[in-house]
Amino acid sequence: MTLAYDAEDLGNTRFAVSALRNLFDGVRSSRGLPRAAARERWWRNARRNIPERARPILEAVNAHPYFLPFFLFPEGGPFADVEEELELLRSTPEEQLVAGVELLTRYAGLARPPRALRELGEGSTSRLRHLVDSANALFHGCLADDWPALQRDLHQDIHQRAEHACAHGVASMLNGLHPQLAWSDRTLFFSGLDDLVKGVQTASRQETSLGGRGFVLAPSVFARDWVLPVPVPHRQPLLHYPVRRVSAPSGKDTLAALIGAGRARALRSITTGCTTAELARRLGVSAPTASVHAASLRSAGLVSTRRDGRHVLHTITPLGLRLLLANPAATRER
């Protein structure tokens, strides 16, 4: 497979981290295909924590062995948090739901989609709300505790590749992205993907060119060992690739040493945004205790708080996120 990728495409190439993409890569069945060792270690523990409410989204993301409906990857900011992604997913227009399911069934050869996808293909916005709630339950049941440490790996990967692009050019950075990918003479060459992407290429009518839009490069800790171009109607196309280096467990929680164990747990719990009541449930403490932790973090500039009706919402600040990324949680034995 080849794609024209000229100077305009190179100039529009950018990175984005998606919590949902990493979540879905982690819970998808390998079906006999090789998977990243990091995924296998994580999955041994995570699969024991899958809530019953997560079943619809699990069926949806495992419906096809290679592809996911494009609307499951909403276009947020380059480092959007999971709450932003879920809200964008919840507001997906009906025509995109129908087109995404059709892409899987007609062009990618999915004979019989699960019920959740069939109803989405009929434009059911109520089914979409159920699916978003299911994805939210899956994230908090399986990935939320590990997400700050995984973000650190993803950001580190992007930082290293951005440094390489600054020193040697974007084309050179693309050549080092994955062994299956090469750039030469204004062309991207993909090896081993011709049969895999044939149907989706035809559906997207982008067999030879991206029209100068370039790719959004989306790294994943749990991805299968290939690069996968994903055309998205009316949006910049995605190129998913696996992160090869995952942090080794340190055995020490440096964040707890800095701000205290209780506040460290609270800051990690607020990463995805929550109310005081939700924070108390996540920590297993009383609401007044959770409120005290949030107030301490707020006074340090690590979280921000706003009132929304009867609820008080806490979100992490850029300073708080940088502190988390610099001090990941000690990895548990899995």
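Me: How many nonpolar, polar and charged residues are in the lining of the largest cavity?
Reply: Keep in mind that this is a predicted model. The largest cavity is lined by 18 residues. Sorted by class, that lining comes out as 8 nonpolar, 5 polar and 5 charged residues.

Me: And which of the lining residues lie nearest the centre of the largest cavity?
Reply: The structure holds 4 cavities of 30 Å³ or more, and the largest has about 200 Å³ of space. Of the 18 residues around the largest cavity, the ones nearest its centre are A16, P74, E75, G76 and L238.

Me: Which strands each supply at least two residues of that lining?
Reply: Let's start from how these strands sit together. They pair in the parallel sense, over 5 bridges. The ones that each give the largest cavity at least two lining residues are strand 5 and strand 7.

Me: Is strand 5 largely enclosed or left open by the rest of the structure?
Reply: Take one face first: V216, A218 and S220 are buried there, and L217 and P219 are buried on the other. That makes 5 of the 5 residues in strand 5 (residues 216-220) buried, so the strand is largely enclosed.

Me: What is the bridge partner of P219 in strand 7?
Reply: Strand 7 covers residues 238-242 and runs parallel to strand 5. Further along that pairing, A218 has H240 as its bridge partner. For P219, the partner in strand 7 is Y241.

Me: What about strand 2: which residue of strand 5 is the bridge partner of R14?
Reply: Strand 2 is residues 14-15, and 2 bridges join it to strand 5 in a parallel arrangement. R14 belongs to one of those bridges, and its partner in strand 5 is V216.

Me: Which strands stand at the edges of the open sheet of 4 strands?
Reply: The sheet is open, with mixed pairing and the order 2-5-7-6. Each edge strand has a single partner strand, so one side of each has no neighbour in the sheet; the two are strand 2 and strand 6 (228-230).

Me: Moving to the hairpin, which residue takes a positive phi there?
Reply: Strand 9 (residues 303-308) and strand 10 (residues 311-316) run antiparallel, joined by 6 bridges. One example of the pairing is T305 in strand 9 with H314 in strand 10. There are 2 residues between the strands, and the one with a positive phi, near 65°, is G309.

Me: Which residues does R298 touch, leaving out those up to four places away in sequence?
Reply: R298 lies in helix 15 (residues 287-299). Two of its contacts, T305 and H314, are bridge partners of each other in the hairpin. The full set touched by R298 is V303, T305 and H314.

Me: Does R298 count as buried, partly exposed or exposed, and what is its relative accessibility?
Reply: The cut-offs are under 20% for buried and over 50% for exposed, with partly exposed in between. R298 falls in the middle class, so it counts as partly exposed, at 38%.

Me: What separates the C-alpha atoms of R298 and T317?
Reply: Along the chain, R298 and T317 are 19 residues apart. In space, their C-alpha atoms are separated by 9.1 Å.

Me: Zooming out, what share of the residues in the chain is buried?
Reply: The chain has 16 helices and 10 strands. Its accessible surface comes to about 15,700 Å², with 50% belonging to carbon and sulfur atoms. Out of 334 residues, the buried share is 49%.

How values were computed. Residues numbered from 1 in each chain as written. Predicted model: local features only at pLDDT ≥ 70, side-chain atom pairs only at ≥ 80, totals over all residues. Heavy atoms only, no water. Buried < 20%, exposed > 50% of the residue type's maximum accessible area, 1.4 Å probe, protein only. Pairing = 2+ DSSP bridges. Areas by Shrake-Rupley, 256 points an atom, 1.4 Å probe, with all protein chains shown as cover. 1 Å grid on protein atoms, 1.4 Å probe; cavity = no way out; pocket = protein on both sides within 12 Å on 5 of 7 lines; lining within 4 Å. Points joined across faces, edges and corners; volume = space filled by probe spheres on them. Nonpolar A, V, L, I, M, F, W, Y, C, P; charged D, E, K, R; others polar. Contact = heavy atoms within 4.5 Å.
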